[in-house]
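Let's take a walk through this structure together. Have the sequence and the 3D view open as you read.

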Amino acid sequence: MSTTAVTDTFQAYVYYRSSCSGRLRIALNLKSITPTYKYVNLIAKEQRSEEYTLINPSHTVPTLIITPSSGGPPTKITQSIPALEYLEEAYPSLRPLLPKDLAGRATVRTLTAIIAADLQPITNLSILNRVGDIGGDKALWAKEIMAQGLLAYEAVVKNTAGTFSVGDEISMADVCLVPAMWGAERFGVDFEEMPTVMRIYERLAAMEEVKRAHWSRQEDTPKELRSE
């Protein structure tokens, strides 16, 4: 594995409990890229401030800004999956998160989409708040949808998994799975019917790059929720 140093500079706007921010933190750790983190408190609605709206008009996190060492204009990416794809394409010498073979890449992207398109968007904070506003049970909503998405993930990885979700190398799918599992644990999802997912997750959770990215270990984690 190459350890080529990256001389570009990175800023990442994140929130400690955002699963999309968690994906980016894990990927950056795996690639040994250390950004300057900027914190956006979603509970305090800082994502809707005038300052942050100019940075990310979708009012979401993360936002990744890459300034090239060559002195060219910065690249701003306001969605987590395009940010992960950019890191893959811009820094191919770093730890890859996509397999070399086309079929493997398609499988990784399928699993990534299960998390990033089917599960996460309809269980994020803004949607849960809307569910509560119309009298729904936010916790039950999140729990059922998370379970549904992870069961779909299980149905795929039981046929593709090795050490990780697709074979024996960590991939973008694993990077997305971990924060989804953090949320599922929080909402009390039953993992009994997901033995492959649990095996993969336990392996991932033991990795130092993942531990450092955990929501409880961030600078913006409230003190009462923080762990070392």
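What follows goes from the annotated domain to its sheet, and then to the helices packed on that sheet.

This is a predicted model, in which local features need pLDDT of at least 70 and side-chain atom pairs count only at pLDDT 80 or more, while totals for chains, interfaces and linings use all residues. Residues are numbered from 1 along each chain as its sequence is written, and side-chain values use heavy atoms, with hydrogens and water left out.

A good place to begin is the annotation from UniProt. An unreviewed entry there places "domain: GST N-terminal" on residues 8–95; such positions are given in the numbering used here, feature names are shortened, and annotations may be inferred rather than shown by experiment. Over that stretch the chain is 33% helix and 20% strand, and its end C-alpha atoms lie 16 Å apart. Helices (H or I, at least four residues) and strands (E, at least two) are DSSP runs, numbered from the N terminus.

Now to the sheet. Strands of a sheet pair through backbone hydrogen bonds, either parallel or antiparallel. Here four strands form an open sheet in the order 2-1-3-4, with mixed pairing; two strands count as paired if DSSP finds at least two bridges between them. Strand 2 (36–39) and strand 4 (75–77) are the edges, each pairing on one side only. From one strand to the next, the twist averages 15 degrees. Strand 1 (residues 9–14) and strand 3 (residues 63–67) run antiparallel and are joined by five bridges, and one of the bridge partners is T63 in strand 3, matched with Y13.

Two helices pack on this sheet. Helix 1 touches strand 1, strand 2 and strand 3, and its direction makes about 155 degrees with that of strand 1. Helix 3 (residues 80–90) touches strand 1, strand 3 and strand 4, at about 140 degrees to the direction of strand 4. Contact means heavy atoms within 4.5 Å; axes are lines fitted to C-alpha atoms, for helices over the stretch in contact, and angles run from 0 to 180 degrees between N-to-C directions.

Look more closely at helix 1 (residues 19–30). Its 12 residues reach 17 Å from first C-alpha to last, close to the expected 16 Å, which is 1.5 Å times one less than the number of residues. How many of its residues are buried? The count is 12 of 12, where buried means under 20% relative accessible area, exposed over 50%, and partly exposed in between (1.4 Å probe, protein chains only). After helix 1 comes S32, whose phi is positive, near 60 degrees.

Finally, pick out N29 in helix 1. N29 counts as buried because its relative accessible area is 13%. Leaving aside neighbours within four places in sequence, N29 is in contact with E209, R212 and A213.
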